[in-house]
Amino acid sequence: MISREKLKESRLTEIFSSKRKFATFLNENEFVASPDKSRVSGRMFYLSNYVLLKENVKRAWLNYFFTSEDGLKTKLLDSPILTSEGVLKRSGHLKNFVYLAKLCKNCSFRVKEEVVKCLNCDSRVFGKPKEFSLLFRTEGSSENLYLRPETTQGALLSLPFFPLVKDTDFPFLICQSGKSFRNEITLKSFIKLKEFEQLELEYFFLPKSLQRDPELNFKEWIQKTESFFLFLGFSRQKIRMNFLKKEERAHYMVSGCDLEYFDSDLGWIELASISYRGDYDFRNHMKVVGANSSLVKLSPHLVEVSIGLDRLCFAILRSFFFEKMVQVSKKHRLILNLPIFLAPYSVAVLPLVFVHRSYAREVFRQVKKLGIMVKYSESKSIGRRYRQQDVIGTPWCITVDDISIREGSVSIRKRNDMSQKRVLRSELGKFILEAVHLPGELEKKWSKK
Ligand SMILES: [Zn+2]
């Protein structure tokens with residue numbers, strides 16, 4: 001029998017007490033599969049709820065930066081992952097993206113020079129340290145091709161394809177998201193992977209036509225990045241800006257700054273990097289873009305904002321949970337406090353018991369027609385289904401019971417305080433649209449009623 005003390009114990013503290021427990025929790029709730037193994041493999045298997053969260057974060061990012069009222073010209077890009085050797089030679093990656101490592105004599109696993117025990121097989125016998133590249137190489141038909149180590153180069157190579165001829169075409173912004181690849185050896189689930197997704201903004205401008213210090217552009221993008229993280233729902237206390245010293249900057253940076261997030265277990269981790277790359281990349285790619293001579297004359301500078309999507313979603317899962325003590329049961333409930341635009345599902349439709357099923361399915365179809373992501377669930381007790389939705393962050397649950405069928409209504413339950421109200425089916429559509437598009441106003445009305 002479970003003791004009363006045990007029931008009162010905080011579930012949040014329990015789950016966050018070890019990496020293994022957090023990983024198991026994420027697996028049980030269909031966020032991520034076997035995250036433990038990824039420490040060695042550097043690749044993740046994201047499951048339904050994580051994939052939906054990731055898609056929503058990406059959409060929020062695009063919405064935030066791609067359109068704006070200040071008249072900044074914006075462009076969207078999806079450039080190839082396979083990159084030719086010449087490009088990475090010119091960008092400096094071929095020369096600079098290297099590290100010293102040694103191979104395990106038993107299983108050939110690659111580890112850092114100072115490591116004494118193989119991370120894969122525990123053997124202690126290694127070969128001599130040598131230089132390895134962070135780049136993944138493969139064969140093209142006439143030359144070596146590489147999986148891109150960053151999305152930036154694609155944006156630079158795309159410049160001649162946009163009609164940029166006059167200085168008035170600048171400044172402009174290219175938004176691109178996609179996977180990049182680095183053959184890292186020190187791996188950590190979510191944080192350091194061989195295959196990861198980036199959300200990148202490339203802001204091209206002409207320093208000559210500016211009446212001010214180009215570093216001010218860099219500072220503006222630092223602020224915009226910070227505002228975006230606050231918009232997502234991060235608290236100001238949990239993020240900070242870390243300006244990079246000269247020796248900490250990558251080979252292409254004139255100035256650099258990391259946006260870091262504080263995790264109770266891992267400390268400060270980098271979620272985004274803002275770099276002023278000057279005309280470093282442009283100068284190096286001049287030969288390729290040379291065909292467009294007006295572009296060469298303009299020689300644009302670049303400020304880049306690169307957000308690690310895997311890390312960002314991880315930080316959301318680490319910091320958006322809160323716990324609520326339910327008075328009746330004296331149990332702690334775990335709630336993922338996502339804003340509705342990030343929640344995997346905006347709404348869930350749940351019949352109270354089996355006999356309410358066909359009416360609930362009708363309600364589900366009614367809600368789905370509104371074009372939002374809605375979850376239908378009918379197995380297990382209603383209490384368990386509420387808890388499942390709380391844990392994956394579904395803000396609203398619509399329950400169908402006897403009264404619903406009699407009155408033509410539904411019962412709506414709010415995630416964060418578990419309060420419930422009845423709404424007529426004829427007004428359900430209006431309610432949902434308000435929940436999605438005007439969440440602040442609905443919140444005010446809800447607490448007044
Ligand atoms: Zn080994």
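**Close-ups of helix H9 and a five-stranded sheet**

**View A. Helix H9 is as long as a helix of its residue count should be.** At 1.5 Å a residue, the 18 residues of H9 (residues 215-232) ought to cover 26 Å, and the C-alpha atoms at its ends do sit 26 Å apart, so the two agree. Keep in mind that this is a predicted model. Just after H9 comes Gly233, with a positive phi near 120°.

**View B. One face of H9 is lined by its buried residues.** Phe218, Trp221, Ile222, Thr225, Phe228 and Phe229 are the buried residues of H9. Looking down the axis of H9, they fall within an arc of 125°, so they line one face of the helix. Residues three or four places apart in an α-helix point the same way, because there are 3.6 residues a turn. On the face turned away from the buried side, H9 carries the exposed residues Leu216, Gln223, Ser227 and Leu230.

**View C. What do the buried residues of H9 pack against?** Their partners are helix H5 (48-66) plus a run of strands: S11 (195-205), S12 (239-243), S13 (255-263), S14 (267-278) and S15 (301-308).

**View D. Elsewhere in the model, five strands make an open sheet.** The strand order is S19-S18-S20-S21-S22, and the pairing is mixed. Strand S19 (374-376) and strand S22 (420-424) are the edges, each pairing on one side only. From one strand to the next, the twist averages 25°.

**View E. Strands S18 and S20 run parallel.** Five bridges pair S18 (residues 347-351) with S20 (residues 396-400). For Leu350, the bridge partner in S20 is Thr399.

Note on methods: Residues numbered from 1 in each chain as written. Predicted model: local features only at pLDDT ≥ 70, side-chain atom pairs only at ≥ 80, totals over all residues. Pairing = 2+ DSSP bridges. Helix = DSSP H or I, 4+ residues; strand = E, 2+ residues; numbered from the N terminus. Axes fitted to C-alpha atoms, helices over the stretch in contact; angles between N-to-C directions. Expected span 1.5 Å × (residues − 1). Buried ≥ 20, exposed ≤ 12 C-beta atoms within 10 Å, placed from the backbone. Arc of directions from axis to C-beta. Contact = placed C-beta atoms within 7 Å.
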